[in-house]
Amino acid sequence: MTRPWSLRGRLVRRVVLGASLSWLVGVGLAALVIAHEMSELMDDTLAGSARLTLALYQGGADMAMGGDTGQALRIIAEGNEVIAAPWPPLDADGGHDVEGWRVLRLTDAESGIIVEAGQRDEWRRDELLESIGWLVALMLPVLLGALVAARGSVTGALRPATRFAQMLRSRSARDLSPVAAPDLPSELTPIPQALNGYLDDIRAMIEIERQFATNAAHELRTPIAAASGQAQLIAAGLADRNAAGRLAAALARMGRLVERLLQLSRAEGGAAGRGPCDLVRVARMVIADSGLSARFDDAEMISAPVAVDPDALALILTNLLRNAAEHGTGDLRVTLAPGPTISVSNAVQPGAVFRHGTFEKSPGSHGAGLGLAIVARVAETQGITLDHVMNLHRATVTLRFANDPSAGSR
């Protein structure tokens, strides 16, 4: 099970982490710059201290060093060490790093007096750490302020999405009206757009189902009323000898309608598989089971494998044959051709047209107007292309199957 997570929390954490890392990098770079500049400043201080010490010594001042301040002096005059220092004497002027000290040596060219001024490395490090500590202390409020601002900014940026979610939560499940979200950012606008498309599909499906239920009830009302009337007459002993036949006919019509409705429901649900099957064999079986007088032209094809479920193919052909028999005027033909393709054709009266809508039927028809609708639904789920041709005297429906190299005719 996927654990729930908060977009705001994730964004805040990442912004805080990024700001903190940036702050640390900035402080680190500042510390490096401070260390370099302070080292140069302390070296300048040593040089100034050496020059001052030389001038004071030449003027006769007392140069004794008192206490442990982290700094020390050495003065060498006429080869004698006037003031001692804790590091070995140096041989050259300039800055030197020796045994825990940073020492600067200065020699007076006229008198030959040598002055060495030194600072302990530990003292210099403490001074540097103190400076960096103050830098961190001064920059820490900046970091805290940035984190608070980042949290507030993320919360404010997500407020439109939060309002949108609350609006959806408060909508009724029956409310299928379009969703309005004018203040969403561009990154989130695909959500209401997709949701509105989904709601449009649901509204269309509900409307189709409502019309289907209405039409189905209307179609069933007539055979039910006829069967009920004949049954009442028979029960009252008032029926003639043909009443039982009329009752059986009404029940048969109602049974055929229910069968068609179940076929349409199965077709719209896409319940069929994907085959393959032999087109020639299925066509022969459907024609034989239909009991209709149909001429079958197999184009001398022994078999024609197609990537279609055999039950789905039989359902299509059965409905085409029934539709042709109910609405045509005879001369029913089933014709195979390479491709493979199969055509169902029949003679028709002038002015006849195909009616593809569900429950759409011609005036005076005793059918339910479901045959072509069932054929279209099943063909769509099976990837079969349908061609409808109506000329002056003949109607033809052709099924074209996908060109599958492994399912070619032979």
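**Close-up views of a predicted model**

**View 1. Strands 1 and 2 form a hairpin with two residues between them.** Within this hairpin, Glu 78 takes a positive phi near 50°. The model shown here, as in every view, is predicted. Strand 1 and strand 2 (residues 80-83) pair in the antiparallel sense. Three bridges hold the pairing. One of the matched positions is Ala 77, whose bridge partner in strand 2 is Asn 80.

**View 2. Strand 1 also pairs with strand 5.** Strand 5 covers residues 114-120 and runs antiparallel to strand 1. Six bridges join the two. Arg 74 has Glu 116 of strand 5 as its bridge partner. Strand 1 spans residues 71-77, and six of its seven residues are buried. The strand is therefore largely enclosed by the rest of the structure.

**View 3. Five strands make an open sheet.** The strand order is 7-9-10-12-11. Pairing in this sheet is mixed. Strand 7 (294-297) and strand 11 (385-390) stand at the edges. Each edge strand has a single partner strand, so one side of each is left without a neighbour in the sheet. From one strand to the next, the twist averages 15°. As a rule, strands of a sheet pair through backbone hydrogen bonds, either parallel or antiparallel.

**View 4. Strands 11 and 12 form a hairpin at one end of the strand order.** Three residues lie between the two strands. Strand 12 covers residues 394-400 and runs antiparallel to strand 11. Six bridges join the pair. Two matched positions can be picked out here. Asp 387 stands opposite Thr 398 of strand 12. His 388 has Val 397 of strand 12 as its bridge partner.

**View 5. Helices 6 and 7 lie across strands of the five-stranded sheet.** Helix 6 is formed by residues 279-290. Helix 6 lies across strand 7, strand 9 (332-337) and strand 10 (341-347). Its direction is at about 170° to strand 7. Helix 7 is formed by residues 310-327. Helix 7 lies across strand 9, strand 10 and strand 12. Relative to strand 10, helix 7 runs at about 15°. Strand 9 and strand 10 thus appear under helix 6 and again under helix 7.

**View 6. The second largest pocket holds about 170 Å³ of space.** Its lining consists of Ser 6, Leu 7, Arg 8, Thr 155, Leu 158, Arg 159, Thr 162 and Arg 163. By class, two of these are nonpolar, three polar and three charged. Helix 1 (7-58) and helix 3 (159-170) each supply at least two lining residues. Helix 3 gives the largest share, three residues.

**View 7. Ala 161 sits in helix 3.** Helix 3 also contributes to the lining of the second largest pocket. Leaving aside neighbours within four places in sequence, Ala 161 is in contact with Leu 184 and Leu 188. Ala 181 is 20 residues from Ala 161 in sequence. In space, the two alanines are 9.0 Å apart, C-alpha to C-alpha.

Methods
Residues numbered from 1 in each chain as written. Predicted model: local features only at pLDDT ≥ 70, side-chain atom pairs only at ≥ 80, totals over all residues. Heavy atoms only, no water. Pairing = 2+ DSSP bridges. Helix = DSSP H or I, 4+ residues; strand = E, 2+ residues; numbered from the N terminus. Axes fitted to C-alpha atoms, helices over the stretch in contact; angles between N-to-C directions. Contact = heavy atoms within 4.5 Å. 1 Å grid on protein atoms, 1.4 Å probe; cavity = no way out; pocket = protein on both sides within 12 Å on 5 of 7 lines; lining within 4 Å. Points joined across faces, edges and corners; volume = space filled by probe spheres on them. Nonpolar A, V, L, I, M, F, W, Y, C, P; charged D, E, K, R; others polar. Buried < 20%, exposed > 50% of the residue type's maximum accessible area, 1.4 Å probe, protein only.
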